[in-house]
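Good morning, and thank you for coming. I would like to take you through one protein chain, beginning with its overall plan and ending with its aromatic rings.

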Amino acid sequence: MHLFQSLSKMWIDIARLRNEITCGYLDEQFCQIEDLQDEASPNFTAEVACLFFKDSARLMTNIEQAMEKNPRDFNRWDAHMQQLKGSCSSIGASRMKIECASFRNSCGDENAEGCVRSFQKVKREHGVLRQKLESYFQLLRQAGPAGTATRCGGA
């Protein structure tokens, strides 16, 4: 009975964390990715998330470099941010996507300070989302085969 209670509590924790993530940080796109996961690809969602975090880290580095090397080149900054926004859309990272749009609006207004503020928010949202998804996937791994998830390298 004790094992059953522990597993039951773990699944309640998983459901609670998933609800928190999908109600504030991720949109229906993430749910669609989860729907693609099956017995043939039990780690699909975690693998997609891992690829997103690797790609988004690279894109954010590109944006930082563009902002340092090309001050006030709003077209270049905007082009880099458009790539990141697309990556956010692909996994459903709604809060990040909103901040990417804010950055792009600041580019359109040629507002460097607004771009810097928005980019800081993008990075913050990226870190929060990564931490929440890592916790979610860790709980799934602990739950066993029905909740299998891979560990994202470098996380």
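I shall speak about the helices, the nonpolar core and the ring pairs, in that order.

Please keep in mind that this is a predicted model. The chain contains six helices and zero strands, so that along the sequence the pattern reads α-α-α-α-α-α. Of its 155 residues, 40% are buried. If we take the contacts with a separation of 6 or more, 66% of them join residues 24 or more positions apart.

Let us begin with helix α4. Its 18 residues should span 26 Å at 1.5 Å a residue, and the end C-alpha atoms are indeed 26 Å apart, which agrees. Which residues of α4 are buried? They are F74, W77, D78, M81, L84, S87, C88 and I91. These buried residues of α4 pack against α2, α3, α5 and α6. Just after α4 comes G92, which has a positive phi of about 90°.

Helix α6 can be treated in the same manner. Its 32 residues should span 46 Å at 1.5 Å a residue, and the distance between its end C-alpha atoms, 46 Å, agrees with that value. At the start of α6, a side-chain oxygen of N111 comes to within 3.2 Å of the backbone nitrogen of E113. After α6 the chain continues with G144, where phi is positive, near 105°.

I turn now to the interior. As a general principle, nonpolar side chains in soluble globular proteins tend to be buried together. In this model the largest nonpolar core holds 38 residues, and the members that touch the most others are L84, F103, L129, L133 and Y136. Two or more residues are given to this core by each of α1 (2-24), α2 (28-36), α3 (44-69), α4, α5 (94-108) and α6 (112-143). Which element supplies the largest share? It is α6, with ten residues.

L129 deserves a closer look. Setting aside neighbours within four places in sequence, L129 is in contact with Y25, L26, F52, F53, A93 and M96. One of these residues, Y25, has a further partner: R95 lies over the face of the Y25 ring, at 4.0 Å from the ring centre.

Finally, the aromatic rings. A pair of rings is described by the distance of the centres and the angle of the planes. The count for this model is five aromatic pairs. One of them joins F52 and F53 edge-to-face, with 5.1 Å from centre to centre and 65° between the planes. Both partners lie inside the protein: F52 is buried, at a relative accessible area of 4%, and F53 is buried as well, at 3%.

F74 and W77 also form an edge-to-face pair, with 5.1 Å between the centres and 65° between the planes. Why can these two rings meet along one helix? F74 and W77 are three residues apart in helix α4 (residues 74-91), and therefore about one helical turn separates them. In an α-helix there are 3.6 residues a turn, so residues three or four places apart point the same way. F74 counts as buried because its relative accessibility is 7%, under the 20% limit. W77, at 3%, is buried too.

The last point concerns a wider group of rings. F74 and W77 belong to a cluster, linked by ring pairs, that also includes F103 and F119. Of these, F103 has already appeared among the residues that touch the most other members of the core.

Terms used:
Residues numbered from 1 in each chain as written. Predicted model: local features only at pLDDT ≥ 70, side-chain atom pairs only at ≥ 80, totals over all residues. Heavy atoms only, no water. Phe/Tyr/Trp six-rings, centres within 6.5 Å; stacked < 30°, edge-to-face > 60°. Buried < 20%, exposed > 50% of the residue type's maximum accessible area, 1.4 Å probe, protein only. Helix = DSSP H or I, 4+ residues; strand = E, 2+ residues; numbered from the N terminus. Lys NZ or Arg CZ within 6 Å of the ring centre and 35° of its normal. Core = buried A, V, L, I, M, F, W, Y, C linked by side-chain atoms within 4.5 Å. Contact = heavy atoms within 4.5 Å. Expected span 1.5 Å × (residues − 1). Polar contact = N/O pair within 3.5 Å; in protein donor to acceptor, adjacent residues only side chain to side chain.
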